[in-house]
Amino acid sequence: MQTLPNPATVKSSSGELSTDTTIHRRQTRPIQVGNVTIGGGHPVVVQSMINEDTLDIDGSVAAIRRLHEIGCEIVRVTVPSMAHAQALAEIKQKLYASYQPVPIVADVHHNGMKIALEVAKHIDKVRINPGLYVFEKPKSNRTEYSQTEFEEIGDKIRQTLEPLVVCLRDQGKAMRIGVNHGSLAERMLFTYGDTPEGMVESALEFIRICESLDFRNLVISLKASRVPVMIAANRLMVKRMNELGMDYPLHLGVTEAGDGEYGRIKSTAGIGTLLAEGIGDTIRVSLTEAPEKEIPVCYSILQSLGLRKTMVEYVACPSCGRTLFNLEEVLHKVRAATKHLTGLDIAVMGCIVNGPGEMADADYGYVGKQPGYISLYRGREEIKRVPEDRGVEELINLIKADDRWVDP
């Protein structure tokens, strides 16, 4: 996958500096997960998670491969038991033998120390949830946590987490500290409430334990099903890390976003807002659909922000009374013929008003300037005018003449 260059400044035609349109990403340390690097200025990494039961070896291998083949760069699997953890050894072996190495993350939840230690032998990264990793038995009549109780539980967390940290540290593997708004530990809820502050402090507690053991191969995530909470938590996490001199990369996602159009919009609202602020090094769009449906949404978010270039960028006007051809139909024809030309920007404009000016940044333009004819552009320059029924064919010929065509 490509990453667009990010110029530090933008100059107007007069040579004067103008408003900077570049997204300046937060500087983070690089974290290696198999053959993929998260953070450190590397392209934002796309993740997803298989639905298969990890005990289904062949099904899991096939699911991981399907996701990887369409652009998922890191794949997460669930490991709710020791048997599931042990199955990862065979999954990894079969995946390598039948396909290729794929970075795998194991999702470990309730009282997961033994499970986590087992999966750490086999995969590249372990994800733990601070709210569930050590079980805190709730008391129905509790009104507060004393400092002594708070510290006692903190000590228990350290004792439980230390073997995993040491295991990952000594193998050069990674950990994701993944806080979920809906599963904060009871003492965090009592101390900070059901708030972004509680999410951030939950993550920081685990980070400090890791740092005390000289382990810094960490990725942090703070997810919520409500977009404003997710955005606020990540902004606060960045603020606190900056204050503490921490530079860990962040994994972004709106958890339980749902399905369909709204699930995609909800995920884009949360993930895109933070990415536009330079926050975020890896993302997952969590849809209640087949995991394969998540990957195009991830790449569309990244492409729209100029953070990855993985498809053709089509610039097209919305159509109006000035349009000289069926814009929707023509756009579909142009896309069908050129969608494999990754890296190109192609404009389809219905009239001269929205033509050369609005599509100035495109590599090629397809413009209706007079009834029955199409004007083809290279950048701002009109190259030729052709009959409408030959428009797509002549666009392809122009791209070929520039030696920018590849066969599908």
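Why is the sulfur of C210 not in a bond with the closest cysteine sulfur, in C167? Select both residues to find out. The sulfur of C210 lies 13 Å from that of C167, which is too far for a bond. This is a predicted model, and the tour below goes through it one selection at a time.

**Cysteines**

Stay with C210. Its relative accessibility is 0%, so C210 counts as buried. A disulfide is a covalent bond between the sulfur atoms of two cysteines. The structure holds 0 disulfides. Next select C72, which takes part in no disulfide; the nearest cysteine sulfur belongs to C298, 7.8 Å away. C72 is buried as well, with a relative accessible area of 1%.

**Helix α10**

C298 leads to the next stop, because C298 is among the buried residues of α10. Select residues 294-304 to show this helix. Is α10 mostly covered or mostly open? Of its 11 residues, 8 are buried, so the helix is mostly covered. Colour E294, I295, V297, C298, Y299, I301, L302 and Q303 to mark the buried set.

Now show what lies over those residues. The cover includes two helices, α1 (57-69) and α9 (260-276). It also includes the strands β3 (45-49), β10 (282-283) and β11 (313-316). Past the end of α10, click on G306, a residue with a positive phi, near 75°.

**Strand β12 and its partners**

From β11, one of the elements covering α10, move to β12. β11 and β12 pair in the parallel sense, over 4 bridges. To see one of these pairings, select A316 and its bridge partner in β12, V348.

Select residues 345-349 for the whole of β12. How many residues of this strand are buried? The count is 5 of the 5, so β12 is largely enclosed by the rest of the structure. In a regular strand the side chains alternate between the two faces of the sheet. Colour D345, A347 and M349 for one side of β12, then I346 and V348 for the other; both faces are covered.

Next add β13, residues 364-370. β12 and β13 run parallel and are joined by 4 bridges. Here, the residue to pick in β13 is V367, which stands opposite M349.

**R127 in β6**

Select residues 125-128, strand β6, and pick out R127. Is R127 buried or exposed? Its relative accessible area is 4%, under the 20% cut-off, so R127 is buried. To see its surroundings, leave aside its neighbours within four places in sequence and show the residues in contact with R127. Among them are the run V105, A106, D107, V108 and H109. Two other arginines, R76 and R176, also touch R127, as do G178, V179 and N180.

**Two residues with positive phi**

Most residues other than glycine have a negative phi, and most peptide bonds are trans. The last two selections have a positive phi without being glycines.

Start with E256, whose phi is near 50°. E256 sits in the loop between β9 (250-252) and α9. Its relative accessible area is 58%, so E256 is exposed.

Finish at D403, in the segment after α12 (391-401). What is its phi? The value is positive, about 60°, although D403 is not a glycine. With 70% relative accessibility, D403 counts as exposed.

Note on methods: Residues are numbered from 1 along each chain as its sequence is written. This is a predicted model: local features need pLDDT of at least 70, side-chain atom pairs count only at pLDDT 80 or more; totals for chains, interfaces and linings use all residues. Side-chain values use heavy atoms; hydrogens and water are left out. Buried means under 20% relative accessible area, exposed over 50%, partly exposed in between (1.4 Å probe, protein chains only). Contact means heavy atoms within 4.5 Å. Two strands pair if DSSP finds at least two bridges between them. A disulfide is a pair of cysteine sulfur atoms within 2.5 Å.
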